[in-house]
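Trainee: Got a minute? I'd like to go through this model with you.

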Amino acid sequence: NTELKQFAHFTPHDLKTPLGTVANLCEEALDEFGDQMPAEARSLIEAARRTVFRMSSTIDELLSASVACHETQPEEHVPGESIINDALERVQPILRKRRVEIVRDTTFPTVVGNRAQLREVFFNLFSNAAKYIEGDSGRIEIRAQRESGQCVFTVADNGPGIPREELERIFA
């Protein structure tokens with residue numbers, strides 16, 4: 001536990017320093033050349049800057065979650081809507097590239113859990129679905145329903161599915 005805490009203390013600085021540099025470069029490019037850039041180029045740089053800030057927060061949350069796994073932490077009420085939206089935003093480039101249609105519930109319930117871990121689970125589900133969908137007509141459906149005091153999220157796609165021999169390893 002002590003070694004993990006030391007790792008969590010020093011690692012954010014090592015990971016976030018390059019992110020800060022990228023964010024500053026994005027800011028400089030927008031400040032110096034923003035008026036000369038096509039709107040699409042400005043939009044890409046702004047998206048890169050937002051991604052850097054989101055990644056910085058994700059680093060903090062993941063390191064906090066890794067320490068929390070070894071300590072007793074109070075459970076957090078996490079809006080399902082924000083988790084789904086965050087994960088979809090992170091995977092948006094591949095969704096656009098692969099022309100994947102997202103079909104989803106309009107609202108999602110608040111759940112109890114770890115925000116960073118939940119977001120990573122959904123990010124992995126969405127990115128894997130997008131990667132393995134065959135052809136040009138990809139579709140991912142995201143649903144949630146309450147069952148016996150639990151919230152069951154369903155992520156389905158029109159890809160080939162997971163080979164039976166891999167099913168036991170998917171959550172390892």
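Mentor: Sure, let's talk through the overall layout, the pockets and one of the helices.

Trainee: Before we start, what kind of model is this?

Mentor: This is a predicted model, so keep that in mind throughout.

Trainee: Okay. How many helices and strands does the protein have?

Mentor: The protein has four helices and five strands. Going along the sequence, the order is α-α-β-α-β-β-α-β-β.

Trainee: And what percentage of the residues is buried?

Mentor: Buried residues account for 28% of the 172 residues.

Trainee: What about contacts between residues at least 6 apart in sequence: what share joins residues at least 24 apart?

Mentor: That share is 74%.

Trainee: Switching to pockets. What's the volume of the largest pocket?

Mentor: About 590 Å³ for the largest pocket. It is lined by 17 residues, and the ones closest to the centre are N124, L125, N128, A129 and I162.

Trainee: Which elements give two or more residues to that lining?

Mentor: Those are α4, residues 115–132, and β5, residues 150–157. The largest share comes from α4, with six residues.

Trainee: How does the lining of the largest pocket divide into nonpolar, polar and charged?

Mentor: Twelve residues are nonpolar, four are polar and one is charged.

Trainee: What about the second largest pocket, what volume does that have?

Mentor: Its volume is about 340 Å³. The second largest pocket has 15 lining residues, with A47, T51, R54, E89 and P93 nearest the centre. Elements giving two or more residues to this lining are α2 (39–68) and α3 (80–98).

Trainee: Which element gives the largest share there?

Mentor: That's α2, with ten residues. By class, the lining of the second largest pocket has five nonpolar, four polar and six charged residues.

Trainee: Back to α4 for a second. How far does α4 reach from its first C-alpha to its last?

Mentor: The 18 residues of α4 reach 26 Å, close to the 26 Å expected at 1.5 Å a residue.

Trainee: Which residue caps the N-terminal end of α4?

Mentor: N114 does, with a side-chain oxygen 2.9 Å from the backbone nitrogen of Q117.

Trainee: Last one: which residues of α4 are buried?

Mentor: The buried ones are A116, R119, E120, F122, F123, F126, S127, A129 and A130. You've already met A129 among the residues closest to the centre of the largest pocket.

How values were computed: Residues are numbered from 1 along each chain as its sequence is written. This is a predicted model: local features need pLDDT of at least 70, side-chain atom pairs count only at pLDDT 80 or more; totals for chains, interfaces and linings use all residues. Side-chain values use heavy atoms; hydrogens and water are left out. On a 1 Å grid over the protein atoms alone, a cavity is a set of points where a 1.4 Å probe fits but cannot get out, and a pocket is an open set with protein on both sides within 12 Å along at least five of seven lines; lining residues have an atom within 4 Å of a point. Grid points are joined across faces, edges and corners, and a volume is the space filled by probe spheres set on the points. Ala, Val, Leu, Ile, Met, Phe, Trp, Tyr, Cys and Pro count as nonpolar, Asp, Glu, Lys and Arg as charged, and the others, Gly among them, as polar. The expected span of a helix is 1.5 Å times one less than its number of residues. Buried means under 20% relative accessible area, exposed over 50%, partly exposed in between (1.4 Å probe, protein chains only). A polar contact is a pair of N or O atoms within 3.5 Å; within protein, one must be able to donate a hydrogen and the other to accept it, and residues adjacent in sequence count only if both atoms are side-chain atoms. Contact means heavy atoms within 4.5 Å.
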